[in-house]
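Hi,

Here's the structure I said I'd pass on. Have a look at it first, and then read my notes below.

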There are 2 protein chains.
Amino acid sequence: MTALPAAVRIREVGPRDGFQNEPETIPTEDKIRLIDGLMRTGLRRIEVTSFVRPDVIPQLSDADQVLRGIDIPEDVEVSVLIPNARGLERALLLRDRFDDIGVFLSASDTHNRKNVNRSTDESLAGLEQVIATANAAGLHVEAVIATSFGCPYEGEVALDRVLEIAQRLAAAGAPEIAFGDTTGMANPLQVRDVFTRAREALPGVELTAHFHNTRGQGLANVLAALEAGCESFESSFGELGGCPVPAGATGNIATEDLVSMLHEMGVQTGVDLDQLLECARDVREVLGRPLGSHTLVAGPIDWQRG
Amino acid sequence: MTALPAAVRIREVGPRDGFQNEPETIPTEDKIRLIDGLMRTGLRRIEVTSFVRPDVIPQLSDADQVLRGIDIPEDVEVSVLIPNARGLERALLLRDRFDDIGVFLSASDTHNRKNVNRSTDESLAGLEQVIATANAAGLHVEAVIATSFGCPYEGEVALDRVLEIAQRLAAAGAPEIAFGDTTGMANPLQVRDVFTRAREALPGVELTAHFHNTRGQGLANVLAALEAGCESFESSFGELGGCPVPAGATGNIATEDLVSMLHEMGVQTGVDLDQLLECARDVREVLGRPLGSHTLVAGPIDWQRG
């Protein structure tokens with residue numbers, strides 16, 4: 001095992017990736033309270049909503065109100081997910097309320113078509129325009145490549161293809177590329193390969209790992225990514241989240257479990273785990289069901305007890 | 001990341017570690033059917049019950065009937081957990097029905113006292129006798145050291161102490177030592193240290209990892225153990241299990257999740273994942289509640305789809 005980074009960046013994506021996957025829309029005032037809480041845990045990056053079409057994802061149709069309503073501390077980077085030029089147009093009306101945008105496409109054509117009804121190459125062309133507009137507006141851009149580790153419809157996704165897409169997005173002006181294990185098909189050896197090769201192919205680009213815990217292997221993949229030098233992760237409080245297609249795709253890794261493991265290994269995150277657990281308890285109460293997060297059930301490790 | 005072993009051994013402990021932690025005793029005929037199923041998945045080692053006092057753990061008071069009732073294939077090593085000399089005496093009445101015994105103690109005094117009402121040193125002395133008797137009967141002995149990675153009552157447990165206990169147990173005649181993360185306090189860096197130092201301290205001894213998924217980090221710890229050369233693991237189908245003390249201690253790693261991750265990395269286990277999932281579905285139906293296993297919910301990865 002190689003040395004691990006001394007510190008990593010975490011982007012909390014629960015308010016977007018999680019809330020959009022709940023069958024019942026969460027009331028706007030609850031969202032605002034939950035995001036305000038998360039922004040005070042020490043998390044420095046939070047994806048708070050998405051400017052998708054309200055008729056497609058009604059759960060996030062209050063994007064404007066959420067963005068207007070939250071109380072943003074100076075040291076927090078707020079990001080919103082942008083599906084296309086139209087979404088960016090809507091978001092830019094509230095330009096002073098966020099710092100980053102996330103854009104996304106799938107490395108596999110079939111998943112991309114089922115998700116956004118066009119080919120990966122069509123998405124790429126559209127996103128190049130979106131990235132240019134975002135750059136002109138002074139926004140940081142994170143480009144997320146879904147199904148980077150495998151596709152539930154096509155099976156294997158060639159790493160060469162994933163890296164080619166990443167290079168095009170970086171060349172278009174995205175300083176951060178996230179590799180998404182959208183349906184939890186990644187294994188640690190593969191994660192090591194992807195991040196090792198991505199570091200070579202994308203010098204100077206921030207590489208972010210976005211893992212799902214679909215088969216319980218999420219934190220093992222985090223460990224492999226850390227060993228390959230990855231210093232940026234995305235996760236959801238409570239282990240919320242999933243993917244609109246296919247049905248039943250399960251949650252992101254839980255931010256509480258990620259933070260617990262990192263802190264136990266001496267990797268700094270800046271996050272106060274107790275405050276984060278407070279937020280996870282709050283969202284569990286709002287949703288009224290048990291959540292997938294393990295540390296939420298077990299509590300943090302108490303080395304002082306005895 | 002160093003090279004991983006080509007193959008590992010898995011001991012399924014759900015029928016003991018899992019069933020003893022269920023509030024309602026599972027009917028004996030269900031246990032027998034479940035164990036018979038597990039023994040036909042390719043799992044080569046199964047801990048089927050424990051000869052504890054029936055008034056202390058009534059859930060396993062049918063140890064004799066279970067051991068008599070199961071239909072044991074030739075290539076499966078059946079093991080039973082033995083708390084003390086009295087338990088071994090009872091088990092030896094059915095000597096032809098099992099191959100291995102597991103004995104256990106906790107590295108931390110407080111946990112050992114709460115679990116078995118004596119000090120670690122008192123347990124050690126007793127187990128040396130039990131191991132001698134077992135060896136005389138031609139049994140393979142696995143000695144499990146609970147709280148090897150931390151104690152919920154005392155906090156840190158000195159690795160020197162853990163290794164000293166391991167050496168005494170090995171010297172007494174236990175060819176296999178398992179290090180138990182009884183309440184899920186281990187992190188991957190610590191796991192690497194423990195197994196690296198244990199390999200040096202215990203040449204020729206089989207070293208087994210027994211992890212719990214208390215804070216979602218179970219498979220990350222498996223990865224770290226693999227990297228440190230560990231080739232033997234214990235897990236529970238369905239993510240059943242826990243520990244009698246303290247209350248609320250959560251489950252072992254799920255055998256399905258372990259097998260899925262290992263196979264994806266090309267590490268052989270001999271287990272048929274589909275058949276194992278069949279057993280996990282069966283126990284979920286018997287228990288009538290959702291279980292912690294992720295692969296049980298998501299299904300195995302299908303690389304052929306598309």
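Let's start with how the copies meet: 100% of the interface residues of chain B are also interface residues in chain A, so the copies meet through the same surface. Contact here means that the C-beta atoms of two residues, placed from the backbone, lie within 7 Å.

Before going on, some housekeeping. This is a predicted model, where local features need pLDDT of at least 70, side-chain atom pairs count only at pLDDT 80 or more, and totals for chains, interfaces and linings use all residues. Residues are numbered from 1 along each chain as its sequence is written, while chains are lettered from A and ligands numbered from 1 in the order in which they are written.

How confident is the predictor? Chain A has a mean pLDDT (confidence in each residue, from 0 to 100) of 95, with 97% of its residues at 70 or more. The scores for the model are ipTM 0.95 and pTM 0.96.

Now the symmetry. Chain B lands on chain A after a rotation of 180 degrees with 0.0 Å of shift along the axis, at an RMSD of 0.0 Å (a least-squares fit on C-alpha atoms of residues with pLDDT of at least 70 in both copies). The two copies are therefore related as by a two-fold rotation axis. Within chain B, B:Ala220 has the C-alpha nearest that axis, 1.9 Å away.

Back to the interface: 40 residues of chain B touch 40 residues of chain A.

Cheers

Conventions
pLDDT = per-residue confidence, 0-100.
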